2 protein chains.
Amino acid sequence: MQIAIALYERFTALDAIGPYQTLKDLPGAETVFVAEQTGPVRDESGTLALVADKSFADVPRPDIVVVPGGPGQSDQMENEQLLGWLRTVDATTTWTTSVCTGSLALAAAGLLTGRRATSHWLALPMLDRLGVRSTGERVVFDGKYVTGAGVSAGIDMGLTLAGRIAGDEHAQSVQLLTEYDPQPPYDAGSPEKAPAHLVARFRDRSRFEQ
Amino acid sequence: MQIAIALYERFTALDAIGPYQTLKDLPGAETVFVAEQTGPVRDESGTLALVADKSFADVPRPDIVVVPGGPGQSDQMENEQLLGWLRTVDATTTWTTSVCTGSLALAAAGLLTGRRATSHWLALPMLDRLGVRSTGERVVFDGKYVTGAGVSAGIDMGLTLAGRIAGDEHAQSVQLLTEYDPQPPYDAGSPEKAPAHLVARFRDRSRFEQ
């Protein structure tokens, strides 16, 4: 089983690492970070670089594909290097997945048309405009398409998918070993729960608002 | 404000990325990944490489230091390259922090002697043997020393510390933008909650059991 995590400039690190940490120990799995070109790929801040060990051309038939989100996603919406690869690999994947605004790239590739999917809360209207039926749920399964909400939701997405693939006991082992017993110091992790003025501030600044 | 995240071979990726994602946007902060030598550093699986842009020698006075854990921590317990650097920078840090078994490295450097601290649940007895007063809490503050429990606890550690440094509103903004509204599909994230046979299995296999 090959798991391919796609990288592009200005991705969000935790979007990629949440699924990585929760999926990489699936029985028989090999994980590979993949991008247009091999070598370091910088995140949204430019201060973190993850190495892509393979190019898209090197990885034509992954079983699972994961597309993280991040500010750089905007530049990918017409990038046929990524979108064409997503269409190609999707023809044979068992699971096609995303975290955060990674679902916008899947949608731009035409893979989510008419399907239920999720994204970062700020990006849900954009997902609808791309012909997807957006939902505010944290993890959404629609056939083999699995999408997670913003950034940290990739941990829940990965753990849920790990359970679906390898059973509850495997996923519980991953949860126990990663000590995933979250205790956030605040309860501000969704637009429904956060202070309204913060939600309004980020909506005003959002690149997805028309 | 400079935040230095220390890397070493066979670290655990999420240990480093949880604090990175939650601390990097502190006002005026610059984050740097640092290791013995610059260049890619491989994680526990060998399939992920994060780039260290600076060597320990390049970063003599960070304001915040973060030490992630991971299987490779065992090889660091007598590595004066890392331990000596930790002692040096600790002399001037505002906050000295760790995630998971990173606290064992801080303890080996002599920085936690007699202090309250936490670690991965499997490593708590080892922390005691190193002269630290271990606690099973998820995030522990003792003066300027902040330790997080296993792997995913680095998100809670980072968010808590971000609030302490820059105020509740900043930390709530980080939580909202990372959509950190955790919804784990299982409730197996601690030894108290996970199925007992899984806890026993991992204790039997642990490198920390005597």
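This report covers the symmetry, sheets, helix packing and aromatic contacts of a predicted two-chain model.

Local features need pLDDT of at least 70, side-chain atom pairs count only at pLDDT 80 or more, and totals for chains, interfaces and linings use all residues. Residues are numbered from 1 along each chain as its sequence is written, chains are lettered from A and ligands numbered from 1 in the order in which they are written, and side-chain values use heavy atoms, without hydrogens and water.

## Two copies

A turn of 180° with a shift of 0.0 Å along the axis lays chain B on chain A, at an RMSD of 0.0 Å. The fit is by least squares on the C-alpha atoms of residues with pLDDT of at least 70 in both copies. This is the relation of a two-fold axis. In chain B, the residue closest to that axis is B:L50, with its C-alpha at 2.4 Å. Both copies use the same surface: 100% of the contact residues of chain B recur in chain A. Contact means heavy atoms within 4.5 Å.

## The sheet in chain A

Helices (H or I, at least four residues) and strands (E, at least two) are DSSP runs, numbered from the N terminus. Two strands pair if DSSP finds at least two bridges between them. Strands of a sheet pair through backbone hydrogen bonds, either parallel or antiparallel.

Chain A has an open sheet of seven strands, ordered β5-β2-β1-β6-β7-β11-β10, with mixed pairing. At its edges stand β5 and β10 (139–142) of chain A, each paired on one side only. Strand β1 (residues 2–6) of chain A runs parallel to β2(A), joined by five bridges. One of the bridge partners is A:F33 in β2(A), which pairs with A:I5.

At the other end, β10(A) and β11(A) pair in the antiparallel sense over four bridges. A:F141 stands opposite A:V146 in β11(A). The hairpin of these two strands has two residues between them, and A:G143 there takes a positive phi near 65°. From β10(A), A:V139 and A:F141 point one way, while A:V140 and A:D142 point the other; all are buried. Buried means under 20% relative accessible area, exposed over 50%, and partly exposed in between (1.4 Å probe, protein chains only).

## The sheet in chain B

Chain B also has an open, mixed sheet of seven strands, in the order β5-β2-β1-β6-β7-β11-β10. Its edge strands, β5 (54–55) and β10 (139–142) of chain B, have a single partner each, so one side of each lacks a neighbour in the sheet. Strands β7 (residues 95–99) and β11 (residues 145–148) of chain B run parallel, joined by four bridges. B:T97 faces B:V146 in β11(B).

## Helices on the sheets

Angles run from 0 to 180 degrees between N-to-C directions; axes are lines fitted to C-alpha atoms, for helices over the stretch in contact.

| Helix | Strands touched or crossed | Angle |
|---|---|---|
| α1(A) | β1, β2, β6 and β7 (95–99) of chain A | about 170° with β1(A) |
| α5 (153–166) of chain A | β6, β7, β10 and β11 (145–148) of chain A | about 160° to β7(A) |
| α2 (80–90) of chain B | β1 (2–6), β2 (30–35), β6 (64–67), β7 and β11 of chain B | about 150° with β6(B) |
| α5 (153–166) of chain B | β6, β7, β10 and β11 of chain B | about 160° to β7(B) |

## Aromatic rings

Rings of Phe, Tyr and Trp (its six-membered ring) pair if their centres lie within 6.5 Å; planes under 30 degrees apart count as stacked, over 60 as edge-to-face and the rest as tilted. Over all chains, the count is six aromatic pairs. In one, A:Y20 and A:F33 have ring centres 5.3 Å apart and planes at 45°, so the pair is tilted. A:Y20 lies in helix α1 (residues 13–23) and A:F33 in strand β2 (residues 30–35) of chain A, 13 residues apart. A:Y20 is buried, with a relative accessible area of 1%. A:F33 is buried too, at 0%.

A:F56 and A:W85 are stacked, 4.6 Å centre to centre with 20° between the planes. A:F56 is in the loop between β5 (54–55) and β6 (64–67) of chain A and A:W85 is in helix α2 (residues 80–90) of chain A, so the pair ties together parts 29 residues apart in sequence. Both residues, A:F56 and A:W85, are buried.

A:R164 lies over the face of A:F141, 3.9 Å from the ring centre. In chain B, the charged end of B:R164 sits over the ring of B:F141, also 3.9 Å from its centre. The rule requires NZ of Lys or CZ of Arg within 6 Å of the ring centre and within 35 degrees of the ring normal.

## A buried glycine

A:G148 belongs to strand β11 of chain A. A:G148 is buried, with a relative accessible area of 0%. Its C-alpha is 6.0 Å from that of A:C100, 48 residues away along the chain. Beyond neighbours within four places in sequence, the contacts of A:G148 include A:S98, A:T118, A:R138 and A:M157.
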